[in-house]
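User: Got a minute? I'd like to walk through this model with you.

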Amino acid sequence: MVDKKEYDFLIEEIKRHIQPATGCTEPVAIALNCATARREVKGNIKKVTMETDIGLYKNALGVGIPGTSERGLKMCAALGIVGGNADYGLNVFQDVRPEHEPLAKELLPLIEVGVKGNTDVLYIETIIETDEDCVRVITYGSHDNIVVVDRPPFAAFTVDACADMAEIQKYTLEQMKEFADYVSLEKIEFLEDGIAMNREVARCGSQLRFGKSLQDMRDHALMEDSLMSFVPLITGSASFARMSGVDMPVMTATGSGNQGITLFLTVDAAAEKMGCCREKKLRALALANVVNIYAKSFIGTLSPICACGVASGLGASVGIVYLLGGGPSQMMGAMRNVLGSITGMICDGAKEGCANKVSLASTSAVLSALLAMHGSEISSSDGILSYDMKELFENMEYLSNQGMKDTNAAIVDIMMRK
C-alpha cells in the first residue's frame, strides 16, 4: 500500500516537473540565465561569455525563439539580456517586444559561446563583463535551476555526474497505479491547466503547415477519422507551433515543452475519442506523469535519444492502458512495445521537425497500448528489453549515457557543417 505521505510526495513530484514555458525550453533556459546576469550586473556591457553542455547547445542551435525571426544561442542570450524578465522564470520571454530585436542584434558581436566538454548534465555558465562590474550565473541540472550568482574571484564549480532523482526510483508500477486509483481527485485537478494550455497551442498549430497537412489528409480520406489519426494531429500541431517560436505558453513536463505536449495531449485526445469521463482522464494523466518522471530519472534531462518517445510517449501509453482498464501487466507490455520499437529515434536538436517525432511518439503510444490490451507485446528477451521495470530503464540509462555518449557531439558536428 502507498500511504498518504507517499501520495503527497508523488503529487509534489508531478507539480515540480510541470510548469508553463513560452518557447522551447533550451533557448528559454539560456535567456533566463542571461536575464538573471543582466539584472545583477552594473554598467555598460563590454563582453558576454557563455558555455553550455553539448545537449543544450544542440537543442538551442536551430529552434525558433519567441519575439524574433533569428535563431541560435547568441540570439537567445542577447534577447534574454535586452528584453528578458528573470522574475518570470521559464516565461522569461513574456515581455519581449519587436523593439527588442534590433537591440539584441547590436549585442551579438559582444557574445562568445562555447561548449563545456566535461559534463552530461544540463549546464549554462554566463559571465557578463561591463565597464564597472562582472557577474557570473550558472544554471545546473534543470532549465530554471540557477545555482550560482557571483562576482570575481570565481570559485571552481564542481560538476556532479548526475542529478539526484533517485527517490522516484523506489516506486513500483503497482504502487504508481495504486496512487492513480486512490489519490483524491481534487489534488490532481491542477493537471487540467496543462490540458487547456496545450490544447490552445494545438489549435494555433492546426493553422500552420504541419497541422493543415494532416487535416487535409483526413478530409480527403487519405487518413481515416480515428483515434490513430486524431492523436498525432493534435500533438504534432502543438509541437510545430511551439518549435516555430509562437508566443504562447506550453505546459512542460520534465523540462520539455514537447514532452509536455506528448504527455498531456496524447492522454487527453485518447480520452476524448474513447469517451472517457473527466475523473478517469485525470487519473490516467497523473499516472502518465509519474511514469514519465521515473523514466527521465534514468536517462537524464537532455538525452541523445528522443525522450518524447521513450519517456513522455511511454508514460502516455501507460496512461492509455489505464483508460482502457488495464493493469500493471498490460502497462509493462505497452512499455516494452514502445521501447522495442522507437528507442532508436535520436534527438538531433530542437526544430520544427520535432513535430514529426512528437506525432510518431504519440502514435506509438496509442498503438503500443492497444496491442498490449489485445495480448500482443514484444518479448522481454528482445534486445534491450526486460520483464522488470527498473531493469528496463537501467538498460535505457546504460544505452543512452554510456553507449551513446559521443552521439551529441557527432550531431552537433553535422549541424555546424551546414
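Analyst: Sure, we can cover the cores, one residue and two helix pairs.

Analyst: Keep in mind that this is a predicted model.

User: Noted. How many residues are in the largest nonpolar core?

Analyst: It has 83 residues. Those with the most contacts inside it are Ile14, Met176, Phe179, Leu191, Met335 and Phe393.

User: And which helix gives the most to this core?

Analyst: Helix α11, residues 278–299. It contributes 13 residues.

User: Is there a second core, and what does it include?

Analyst: There is a separate one of 39 residues. Ile30, Ala60, Phe93 and Leu302 are included in it.

User: Back to Leu191. What is it in contact with, leaving aside neighbours within four places in sequence?

Analyst: Ile14, Ile18, Phe264, Leu282, Leu285, Ala286 and Asn289. Leu191 also takes part in a helix pair: along with Gly194, Ile195, Asn198, Arg199 and Ala202 of α7, Leu191 meets α10.

User: Which residues of α10 are on the other side?

Analyst: Gly260, Ile261, Phe264, Leu265 and Asp268. By class, that contact has 6 nonpolar, 3 polar and 2 charged residues.

User: How do the axes of α7 and α10 cross?

Analyst: At roughly 95°, coming within 9 Å. So α7 is roughly perpendicular to α10. For your notes, α7 covers residues 191–205 and α10 covers residues 257–274.

User: New topic. Where does Val321 lie, and is Val321 buried or exposed?

Analyst: Val321 lies in helix α12, residues 307–323. Val321 is buried, because its relative accessible area is 0%, and the cut-off for buried is under 20%.

User: What is in contact with Val321, its sequence neighbours within four places aside?

Analyst: Gly326, Gly327, Gln330, Met331, Ala334, Ala369 and Met373. Take Met373: 52 residues separate it from Val321 along the chain, yet their C-alpha atoms are separated by 7.0 Å.

User: Which residues of α14 does α12 meet?

Analyst: Val358, Ala361, Ala365, Val366, Ser368, Ala369 and Met373. From α12 come Cys308, Gly309, Gly313, Ala316, Ser317, Ile320 and Val321.

User: How do the residues of that contact divide?

Analyst: Into 10 nonpolar, 4 polar and no charged.

User: And what is the angle between α12 and α14?

Analyst: The axes cross at roughly 40° and come within 8 Å. That angle is why α12 counts as oblique to α14. The crossing is right-handed.

Terms used: Residues are numbered from 1 along each chain as its sequence is written. This is a predicted model: local features need pLDDT of at least 70, side-chain atom pairs count only at pLDDT 80 or more; totals for chains, interfaces and linings use all residues. Side-chain values use heavy atoms; hydrogens and water are left out. A nonpolar core is a set of buried Ala, Val, Leu, Ile, Met, Phe, Trp, Tyr and Cys residues joined through side-chain atoms within 4.5 Å. Buried means under 20% relative accessible area, exposed over 50%, partly exposed in between (1.4 Å probe, protein chains only). Helices (H or I, at least four residues) and strands (E, at least two) are DSSP runs, numbered from the N terminus. Contact means heavy atoms within 4.5 Å. Axes are lines fitted to C-alpha atoms, for helices over the stretch in contact, and angles run from 0 to 180 degrees between N-to-C directions. Angles under 35 degrees count as roughly parallel, over 145 as roughly antiparallel, 65 to 115 as roughly perpendicular and the rest as oblique. A crossing is left-handed if the near helix is turned anticlockwise from the far one by less than a right angle, and right-handed if clockwise. Ala, Val, Leu, Ile, Met, Phe, Trp, Tyr, Cys and Pro count as nonpolar, Asp, Glu, Lys and Arg as charged, and the others, Gly among them, as polar.
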